[in-house]
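Subject: Handover of a structure, with notes on what was found

Dear colleague,

I am passing this structure on to you, and I would be grateful if you could look it over with the notes below beside you.

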Amino acid sequence: MAPLTAGRVRPVVVVGAGPAGLTAAVSLARHGIEVLLVERRAVGSELPRATVLGVRNMEMLRSWGLADRVLAGGVDVEMSMLEIPTAARATEGFRIDIGYPSPQQSAMVSPMSPACVPQDHLESVLLEHLAAMPTARVVRGVEAVDVRHTSEQAVLTLREVSSGQSFEIAAEYVIAADGAKSRIRTSLGIQYPGLDGLIEGVMAEVHAPLWELMGDYRHGVYAITDPEGAGILAPAG
């Protein structure tokens, strides 16, 4: 049996439980708006993925009472990039600004500053907060495959990932937070803004005592230049 039925029109359906979808759903639920969030993945990501939160992100989390919980999963670093031959040669590094203010600069306009927090931890904090809100419901293991308009509402076609069973629900509003390859945006004929395929690579989560090598050179991003192992290192909690 499908986890949802098409018995009524829902005020808002959010598709995608990444940071964008979760923050949209929390914002709506905090204003007492009924919101349903559907997510294709049965569980959260097992990889850190993105690792940077800007000042405005942290201000929002602070206003929700979540800043301390989010920061507890992060690491204290300077939000800049250090170009180094290898991790063991951090003393030879060249510091490069990447557009984030220092704590001193941030303090001029906000009590918060940019933070280095892995996305999987951020998502878990936001999801727990959302699930406890009375006007919110989260359903995992359900993917949105299509959306169409009628004169008064949007009709979403959803599919239960485990069974392959499809069904429809209606909503007054749909928020497409299902990523760069959004099926919702594609079904509505909305073009992807910007260029695609600019970079390709492999992401791996590595557990190693690298801080012992780098010492006080604690940065949000490291560009490794040694030709035998060039790439990017990013601390992830």
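A good place to begin is the pair Y222 and L233, since L233, in β12, is the bridge partner of Y222. The names of such elements follow DSSP: helices (H or I, at least four residues) and strands (E, at least two) are DSSP runs, numbered from the N terminus. Two strands are said to pair if DSSP finds at least two bridges between them, and β11 and β12, which run antiparallel, are joined by three. These two strands form a hairpin, with six residues between them.

Before going further, please keep in mind that this is a predicted model, in which local features need pLDDT of at least 70 and side-chain atom pairs count only at pLDDT 80 or more, while totals for chains, interfaces and linings use all residues. Residues are numbered from 1 along each chain as its sequence is written, and side-chain values use heavy atoms, with hydrogens and water left out.

The overall picture

The chain has a mean pLDDT (the predictor's confidence in each residue, from 0 to 100) of 92, and 97% of its residues reach 70 or more. Confidence is highest in helix α3 (residues 67–71), at 98, and lowest in helix α6 (residues 183–187), where the mean is 89. The secondary structure comes to seven helices and twelve strands, and the C-alpha trace spans about 65 × 40 × 30 Å along its principal axes. Of the 237 residues, 38% count as buried, where buried means under 20% relative accessible area, exposed over 50%, and partly exposed in between (1.4 Å probe, protein chains only).

The sheet around β4 and β11

The hairpin strands belong to an open sheet of four strands, with mixed pairing, in the order β5-β4-β11-β12. Its edge strands, each pairing on one side only, are β5 (94–96) and β12. On average, and with direction ignored, neighbouring strands of this sheet are turned by 25 degrees against each other, the axes being lines fitted to C-alpha atoms, for helices over the stretch in contact, and angles running from 0 to 180 degrees between N-to-C directions.

Strand β4 (residues 78–84) pairs with β11 in the parallel sense over five bridges; E78 stands opposite H219 in β11, and M81 has V221 as its bridge partner there. With β5, strand β4 pairs in the antiparallel sense over three bridges, and here L82 stands opposite R95. Five of the seven residues of β4 are buried, so this strand is largely enclosed by the rest of the structure; the same description holds for β11, of which six of the six residues are buried.

Two pockets

A pocket, on a 1 Å grid over the protein atoms alone, is an open set of points where a 1.4 Å probe fits, with protein on both sides within 12 Å along at least five of seven lines, and lining residues have an atom within 4 Å of a point. Grid points are joined across faces, edges and corners, and a volume is the space filled by probe spheres set on the points.

The largest pocket holds about 910 Å³ of space, and of the 27 residues that line this pocket, A204, L233, A234, P235 and A236 are the closest to its centre. Two or more lining residues come from each of α7 (210–214), β11 (219–224) and β12 (231–233), with α7 giving the most, at three residues. By class, the lining has 20 nonpolar (Ala, Val, Leu, Ile, Met, Phe, Trp, Tyr, Cys and Pro), three charged (Asp, Glu, Lys and Arg) and four polar residues (the others, Gly among them).

The second largest pocket has a volume of about 470 Å³, and E39, R40, A177, D178 and G179 lie nearest its centre among its 23 lining residues. At least two residues of this lining are supplied by each of α1 (19–30), β2 (35–39), α5 (119–131) and β8 (142–149), and by class the lining has nine nonpolar, five polar and nine charged residues.

One residue to check

Finally, please look at R49, which has a positive phi of about 60 degrees although it is not a glycine. R49 sits in the loop between β2 and β3 (52–53), and counts as partly exposed, at 37% relative accessibility.

With best wishes
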